[in-house]
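Here are a few notes to help you find your way around. Have the model open as you read, and take the points in order.

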Amino acid sequence: MFDSERWSEIWATLSRNKLRSGLTMFGVFWGIFMLVIMLGMGRGLSNGVMGGFSGWATNSFFMWTQSTSVPYAGFKRGRHFNFDNADIAAIQAMPGVDQVAPRLQLGGYRGANNVNYKDKYGGFSVNGDMPSVLNFQAASIDQGRFLNPKDIREERKVCVIGPDVVKTLFGTEDPMGKYIRIQGVYFQVVGLYSSKATSMGSEGEGSTIYIPFSTFQKAFNSMNLVHWFSISAKPGVKAADLEKRVRREMARRHKVSPDDPLAFGGFNLQDMYDKMNMLFIAINALSWTVGILTLIAGVIGIGNIMLVIVKERTKEIGIRRSIGARPSNIAGQIIQEASALTFIAGYFGLLAGIGVLQAINSAGMNGRFFNDPEVDLGVALAALAVLIISGLIAGYLPARRALSIKPVDALRAE
């Protein structure tokens, strides 16, 4: 394997026709290069999109009320109804439910409300939440604290604000302990948060103000009212199955047809997460398939060139056989030549692919749906293993061809 004379002979053989050797090696180079690039870009896309789920309870779903579309129990279609406080306990008591977070939104979904501090004003989303909402929201507390059970019990007028609120109302002033006014009601700032997610509805999270659920109901005339629920399933329970049971129970409690497709709105985060996960598994499989097929094309090219080389060296092989060269020695050299071609081309293809991915990272091309394209060590080792196997395959048939040549016939060859 490490015979210097053999390596010198291999180098001399490949150097006789540099253009042919170079073009042959390019097929393998391109196969590994494309494999690395496709896997790396797929990983970057996966990091960006799946990173958007960071901080969210992926085994959860969200639901709210809408207008009925089916007449039921004496009520006409088009009836508006709302969740109430009793629904909170009813959902919590259902088997398979882990966490429940009711929410109220001032001005409706993403409604902009007039909020001010001294002479500064801004329009922000105001949510009435329970402390359990942190099980669902992709947020981290940077300063102070979040809402706690005592805030709920005592109906405290406190709030937790996002970075956009801080920037608009306070500028460089420290907002902790200060009072902001929301539609004429004063709330003390007890915490600052930031969003951890890059997607999944994180737009506008920085301009949201959280206040206690009970305080919201009392301060903004929303007694016994819930706008929507965030609900997570216990481990081992499918969120989709739990969602069906919760919808049936809420339909029963509010006299809504269980077959009404429009009475409840919502979306299932677990279904979305599973679909995205399967998508990236498919992308990864496609990347391997395309890369391997491209590599096979390059290996076939090397195999063909080795057959040509064997034909060109027929007389040399006959001489070596006639003076006692062992078949294993001749076959080993041919396989070693093919492996060297494959490995060198593949190695530089691997380096080039990793270099391009590093350049993309250094160029700051990361964004919301694309982040840190990379190829981990396991993939690099797998690519190296594919290279070694490919080299052996590329040299096997030419080696068999060389051994099938009879010494007498080889000596007569021109």
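1. A word on naming before anything else: helices and strands here are DSSP runs, at least four residues for a helix and at least two for a strand, numbered from the N terminus. With that in hand, look for Asp84, which sits in the loop between β1 (60–65) and α3 (85–92). Keep in mind that this is a predicted model.

2. For the wider view, the protein has 12 helices and 11 strands. It runs to 414 residues, and 45% of them count as buried. Among contacts with a separation of 6 or more, 80% join residues 24 or more positions apart. The protein exposes about 20700 Å², with carbon and sulfur atoms supplying 59% of that.

3. Back to Asp84: what does it do at the N-terminal end of α3? Asp84 caps that end, with a side-chain oxygen 3.1 Å from the backbone nitrogen of Ala86.

4. Asp84 is buried, yet it has no salt bridge. Arg253 is the nearest side chain of opposite charge, at 4.2 Å. A salt bridge needs a side-chain nitrogen of Lys or Arg within 4 Å of a carboxyl oxygen of Asp or Glu, so this pair doesn't count as one.

5. Who else touches Asp84? Leaving aside neighbours within four places in sequence, Asp84 is in contact with Asn224, Val226, Phe229, Arg253 and His254.

6. Now follow the chain into α3, where the buried residues are Asp87, Ile88, Ala90 and Ile91. These buried residues pack against β2 (97–105), α6 (213–219), β10 (228–233) and α7 (239–253).

Note on methods. Residues are numbered from 1 along each chain as its sequence is written. This is a predicted model: local features need pLDDT of at least 70, side-chain atom pairs count only at pLDDT 80 or more; totals for chains, interfaces and linings use all residues. Side-chain values use heavy atoms; hydrogens and water are left out. Buried means under 20% relative accessible area, exposed over 50%, partly exposed in between (1.4 Å probe, protein chains only). Lys and Arg count as positive and Asp and Glu as negative; His and the chain ends are not counted. Contact means heavy atoms within 4.5 Å. A polar contact is a pair of N or O atoms within 3.5 Å; within protein, one must be able to donate a hydrogen and the other to accept it, and residues adjacent in sequence count only if both atoms are side-chain atoms. Accessible areas come from the Shrake-Rupley method with a 1.4 Å probe; for residues, only the protein chains shown count as cover.
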